[in-house]
Amino acid sequence: MELFKSTIASITNLNEEMMKKAQERQDLLIKPKGSLGKLEEISIQLAGIYGQDFYDTTKKAIIAFAGDHGVYEEGVAPNAQEITKIQIPNYVRKITGVGALARFANADVYGVDVGVNCDELLPGVINRKIRKGTSNMAKGPAMSYEEAIFSIEIGIEETNKLIDAGYRVIGVGEMGIANTTPTSAIISVYGDYEPIEVTGIGAGLNSEGVIHKANVIKKSIELNAPDKNDPVDVLAKVGGFEIGAMTGAILACASRNIPVVLDGVISYASAILAIKLNPLSKLYMIPSHFSAEPASKKAFDLLELSPMLQMDMRLGEGSGAALCFNIIEAANFTYKNMYTFEEAGFTV
Ligand SMILES: Cc1cc2ncn([C@H]3O[C@H](COP(=O)(O)O)[C@@H](O)[C@H]3O)c2cc1C
Ligand SMILES: O=C(O)c1cccnc1
């Protein structure tokens, strides 16, 4: 509880002076002002985050949290639950979507077990298991209030370790069969959306399956009555351990002046919770891509952020965040390496 509170309390505004400096430099570079669009915006945001007008973005990592879901037993996901435990070690081996994209971007991948339904230790994966999956939210709360706080604190601790190890850009990822169900529930609660409006195929449901999934979400929200004025209550009642841990990772980055790159729809749910816990955390977020899940539009309406890419991706894992690492580095590289009008000898 202490770490949770102190992390939330230590998030500050961005450094306005450095942002002004970065904006001034952008305006001197040989281009029409503003013509590099989001590349310029990112370079200025980074200056505000790091509190430096020149900074290094080369040391990058994805931190991916894995957990299982009791609501899986309701038939809301089309794949075997065992895929969670099989796939998370594969992230670290860099043979999955996020793994390959992280290799491509020269980034590292860390996997953290916060609640996978297995007894064995998973190779290469950090073991911070809370328990072997959440409870079925269609029958009661997914987890206790204390477990919800604990999941956030694990995210904070594991992310702080990466920041201590020198990572300067962190992307969040996840693995958890059925986790688009609690994701849609959280987005439904915060936007007062009908579950059917924010429920999609996840990892491959058919259209009947989507209707059933939305009904399960509706039932879970009605049964648990999460209090949207208390994000921890929402996480506890209709969330997931990896969703909480990603919320913690976002808060840790914000509290330590590190940019945090969002991924797909599951990370949007974590981002909503982080913003509800401290609105300043949003200033540290870099949204990567617009997930193909129908909840995306609604989630971005709530977040009031606009992602860089629309790639029709719906993988999760941290894949979109890893893909955007290159863009973030390009933002920094152009900002650093373009000449000013004066340096280029413009006379007109
Ligand atoms: C082989 C495989 C690899 C994945 N990697 C990410 N997910 C994605 O799908 C899951 C969410 O979708 P749903 O709610 O429909 O289960 C999460 O684990 C997410 O990371 C995967 C899913 C599968 C099947
Ligand atoms: O948007 C995502 O990240 C996503 C969508 C469906 C399934 N898994 C992840």
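The protein chain is divided into domain 1 (1-55 + 334-344) and domain 2 (60-328), with bounds that come from an automatic or database domain assignment. This is a predicted model, in which local features need pLDDT of at least 70 and side-chain atom pairs count only at pLDDT 80 or more, while totals for chains, interfaces and linings use all residues. Residues are numbered from 1 along each chain as its sequence is written, and chains are lettered from A and ligands numbered from 1 in the order in which they are written.

## The two domains

The C-alpha centres of domain 1 and domain 2 lie 27 Å apart. The contact between them takes 16 residues from domain 1 and 20 residues from domain 2; two residues are in contact if their C-beta atoms, placed from the backbone, lie within 7 Å. On the domain 1 side, helix 1 (2-9) and helix 3 (37-50) are the elements that give two or more residues. Helices (H or I, at least four residues) and strands (E, at least two) are DSSP runs, numbered from the N terminus. Helix 3 provides the largest share of this side, 5 residues. By class, the side of domain 1 that touches domain 2 has 10 nonpolar, 5 polar and 1 charged residues. Here Ala, Val, Leu, Ile, Met, Phe, Trp, Tyr, Cys and Pro count as nonpolar, Asp, Glu, Lys and Arg as charged, and the others, Gly among them, as polar.

## The sheet

An open sheet of 6 strands has the order 3-2-1-4-5-6, with parallel pairing. Strand 3 (126-127) and strand 6 (285-286) stand at the edges with a single partner strand each, so one side of each is left without a neighbour in the sheet. Two strands pair if DSSP finds at least two bridges between them. The table lists four of the pairings, each with one pair of bridge partners.

| Strands | Bridges | One pair of partners |
|---|---|---|
| strand 2 (108-115) and strand 3 | 2 bridges | Val112 and Ile126 |
| strand 1 and strand 2 | 7 bridges | Ala64 and Gly111 |
| strand 1 and strand 4 | 7 bridges | Phe65 and Glu174 |
| strand 4 and strand 5 (260-261) | 2 bridges | Ile170 and Val260 |

Ala64 also has a bridge partner in strand 4, namely Gly173.

How many residues of strand 1 are buried? In strand 1, 8 of the 8 residues are buried, so the strand is largely enclosed by the rest of the structure. A residue is buried if 20 or more other C-beta atoms lie within 10 Å of its own, exposed if 12 or fewer, and partly exposed in between, with C-beta atoms placed from the backbone. On one side of strand 1, Lys60, Ile62, Ala64 and Ala66 are buried, and on the other side Ala61, Ile63, Phe65 and Gly67 are buried as well. Strand 4 is mostly covered, with 7 of its 7 residues buried. Val169, Gly171, Gly173 and Met175 point one way from strand 4, and Ile170, Val172 and Glu174 point the other way.

## Helices

Helix 4 has several buried residues, namely Thr84, Gln87, Ile88, Asn90, Tyr91 and Val92. These buried residues pack against strand 1, helix 5 (97-104), strand 2 and strand 4. Lys94 follows helix 4 and has a positive phi, near 65 degrees.

Thr247 has its place in helix 10 (residues 241-255). Thr247 is buried, with 32 other C-beta atoms within 10 Å. Leaving aside neighbours within four places in sequence, Thr247 is in contact with Ile152, Gly155, Ser270, Leu273 and Ala274. Thr247 and Leu122 are 125 residues apart in sequence and, C-alpha to C-alpha, 23 Å apart in space.

## The ligands

A residue is near a molecule or strand if its C-beta atom, placed from the backbone, lies within 6 Å of it. Around ligand 1 there are 17 residues, of which Ala77, Thr180, Gly202, Ala203 and Gly316 come nearest. Helix 4 (82-92), strand 4 (169-175) and helix 7 (180-191) are the elements that give two or more residues to this shell. By class, the shell around ligand 1 has 7 nonpolar, 8 polar and 2 charged residues.

Which residues surround ligand 2? They are Thr180, Gly202, Ala203, Asp263, Gly264, Val265, Ile266, Ser291, Glu293, Arg314, Leu315 and Gly316. The shell around ligand 2 divides into 4 nonpolar, 5 polar and 3 charged residues.
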